[in-house]
Amino acid sequence: MSLEQLLKTKTAFTSFKSGQKEIIEDVLANKDVIALLPTGGGKSLCYQLPAYLLEGVVLIVSPLLSLMEDQVQQLKASGEKSVIALNSFLSFSEKERLLSLDLQSFKFIFISPEMLQVEKWVRKLQTLQIALFVVDEAHCVSQWGHDFRTDYLKLGRVKESLGAPTSLALTATATMTVIQDIQSFLDMTSPALHINSVDRPNIAINVEHLTNNKEKKERVLELVKTLRGPGIVYFSSRSKAEEVCHHLQENGVTRVAYYHAGLSQELRILIQQQYLMGQLDIICCTSAFGMGINKSNVRFVIHYHQPTQMESYVQEIGRAGRGGDKSIAILLKSMEDTMLPEFIIENELPDSEWVSYIVHELVAAYREISDIFSIPIKEWVEKAPEMESHWRYLSYQVDQFIQVTGKLSNATINPCIEAIQTHIKERTSAKRRKLDEFNQWTSDRKCRREGVLRYFNEELLTAPVPCCDVCGLSMEGFEVKGEGMYEEEEATLSWQLLLKNIFWQEVEK
Ligand code: ADP
Ligand code: MG
């Protein structure tokens with residue numbers, strides 16, 4: 001059977017989207033693949049279709065819980081029954097039950113990077129025949145791996161322990177540096193690279209310069225009331241997301257909710273599902289919302305706060321227009337916000353005093369450490385839970401130090417502290433450079449799209465119409481007047497999902 005025939009039998013699609021077939025062919029030829037397809041470019045199909053031809057399980061490492069839930073639901077809704085998700089969302093008894101089952105009968109196993117660090121799960125997976133090892137949203141391997149998701153850095157080792165199956169890394173946004181990181185973190189020797197354009201011609205880009213936050217808040221209200229939705233408004237601060245959400249509600253926008261990592265996992269998934277189902281039109285959120293989520297009719301993305309780098313910006317605006325409709329991305333800039341991205345970068349990693357304090361404390365408590373992961377990190381995290389990502393980072397860095405020097409003790413305290421501080425300085429200045437580039441892009445009076453593509457080493461061959469504010473853009477094409485603003489949701493939802501939602505609504509009351 002040809003791939004086209006398989007596509008028609010297994011899915012509702014009649015042809016491949018650009019780039020998909022080549023990726024699938026390489027996967028089927030047992031090559032390791034790093035694939036870049038734009039947001040909405042159909043990356044999931046690149047592991048779904050091979051699953052029907054390969055012998056064994058397709059294991060998908062997925063970075064976020066909400067993303068995993070969404071993908072599992074979509075597969076189930078499309079009729080695929082042999083799919084499970086292994087993540088911290090499972091209860092203890094569910095986990096025990098799954099551990100005793102023969103997982104070989106599942107075609108798709110989704111797993112979080114954290115679960116892949118748990119020995120009994122790795123041992124369980126080792127009993128399976130794994131046909132394909134997929135890392136979705138693989139840019140996270142680089143973006144987060146360096147800093148705090150040290151689980152990502154160990155993915156290569158885990159892959160080896162599973163018999164080094166063919167691997168496929170998928171992302172929509174990766175510069176050459178990020179591609180190299182993915183390759184090295186996933187231990188790929190000479191992967192086939194499939195680099196497709198990051199450009200999304202159906203998303204117009206608009207940067208608006210405003211004077212202050214008050215103006216921004218009013219502008220968001222005005223935009224939300226006039227633009228064709230559904231839409232997403234991004235914030236860097238949780239409290240601002242809540243504040244603007246309330247402001248919208250007080251001014252007649254009812255189907256709006258806020259979403260950030262401070263909400264319970266259940267509430268987050270509920271809001272995500274309500275948005276996917278069309279019960280909500282607008283989400284005021286932090287970057288915690290939306291990665292990989294497949295909602296095809298989002299028509300605008302507003303940035304109330306800018307992200308700290310181009311990769312995140314392209315990921316976030318890419319949530320608009322996935323169904324191909326003309327959509328718009330609006331970035332609101334004001335002088336008041338210049339400090340915020342700087343502050344975010346500064347605080348992503350621990351400061352010098354904290355590093356020094358912790359290393360001293362560790363040595364005082366244990367005298368000699370030759371294996372950082374053997375000490376009860378959990379107890380340390382509990383001392384300052386809000387610093388969890390810093391803890392993860394520090395323990396990984398101490399581990400790196402021990403790998404080189406053998407142990408951490410009184411005699412090596414200073415070199416260890418210095419090594420970590422140097423690493424922090426390097427990471428922070430690399431992030432500052434990215435921020436500078438992004439800021440430059442917002443203030444340049446050059447075609448925005450060309451700027452985005454240049455960042456990813458691409459050239460703009462033909463500019464779409466409309467393109468961006470610099471090339472000339474009228475908001476009218478994106479507006480709706482009067483009632484009935486939003487189209488009914490087209491998503492097909494399984495009855496399981498509907499039940500789940502009803503259940504969660506009950507719980508949250
Ligand atoms: P990505 O992960 O690249 O952002 P998805 O895999 O979520 O994108 O797919 C985006 C949308 O494109 C989904 O609605 C999916 O059903 C659809 N899609 C995928 N492949 C095809 C195809 N060959 N033809 C038409 N639609 C497709
Ligand atoms: Mg995806």
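A polar contact is a pair of N or O atoms within 3.5 Å. The exercises below concern a predicted model.

**Exercise 1. Ligand 1**

Task: State how many residues surround ligand 1 and which are the closest, then find which backbone atoms and side chains make polar contacts with ligand 1.

Solution.
1. Ligand 1 is surrounded by 14 residues. The closest are Ser 15, Gly 40, Lys 43, Ser 44 and Arg 322.
2. Take the nitrogen side of ligand 1: one of its nitrogen atoms lies 2.8 Å from a backbone N or O atom of Ser 15.
3. Take the oxygen side: a backbone N or O atom of Gly 41 is 3.3 Å from an oxygen atom of ligand 1. An N or O atom in the side chain of Lys 17 is 3.2 Å from an oxygen atom of the ligand.
4. Apply the cut-off of 3.5 Å. The 2.8 Å pair of Ser 15 falls within it, as do the 3.2 Å pair of Lys 17 and the 3.3 Å pair of Gly 41.

**Exercise 2. Helices H18 and H19**

Task: Classify the packing of H18 and H19 by angle and handedness, and describe the residues of the contact.

Solution.
1. Helix H18 covers residues 388-405 and helix H19 covers residues 413-443; their axes come within 10 Å and cross at roughly 120°.
2. Angles of 65 to 115 degrees count as roughly perpendicular and those over 145 as roughly antiparallel. H18 and H19 are therefore oblique to each other.
3. Their crossing is right-handed.
4. H18 contributes Tyr 393, Leu 394, Gln 397, Val 398 and Phe 401 to the contact. From H19 come Pro 415, Cys 416, Ala 419, Ile 420, His 423 and Ile 424.
5. By class, the contact has 9 nonpolar residues, 2 polar and no charged.

**Exercise 3. Helices H11 and H12**

Task: Carry out the classification for H11 and H12.

Solution.
1. The axes of H11 (residues 213-226) and H12 (residues 238-250) are 10 Å apart, at an angle of about 55°.
2. Roughly parallel requires an angle under 35 degrees, so H11 and H12 are oblique to each other.
3. H11 and H12 cross in the right-handed sense.
4. Asn 213, Lys 217, Glu 218, Val 220, Leu 221 and Val 224 of H11 meet Lys 240, Glu 243, Val 244, His 247 and Leu 248 of H12.
5. These residues divide into 5 nonpolar, 2 polar and 4 charged.

**Exercise 4. Backbone geometry**

Task: Locate the cis peptide bond between Gly 229 and Pro 230.

Solution.
1. Omega of this bond is about -5°.
2. Pro 230 sits in the loop between H11 and strand E9 (231-234).

Notes. Residues numbered from 1 in each chain as written. Chains lettered and ligands numbered in written order. Predicted model: local features only at pLDDT ≥ 70, side-chain atom pairs only at ≥ 80, totals over all residues. Heavy atoms only, no water. Axes fitted to C-alpha atoms, helices over the stretch in contact; angles between N-to-C directions. Helix = DSSP H or I, 4+ residues; strand = E, 2+ residues; numbered from the N terminus. Left-handed = near helix turned anticlockwise from the far one by under 90°. Contact = heavy atoms within 4.5 Å. Nonpolar A, V, L, I, M, F, W, Y, C, P; charged D, E, K, R; others polar. Near = heavy atom within 4 Å. Polar contact = N/O pair within 3.5 Å; in protein donor to acceptor, adjacent residues only side chain to side chain.
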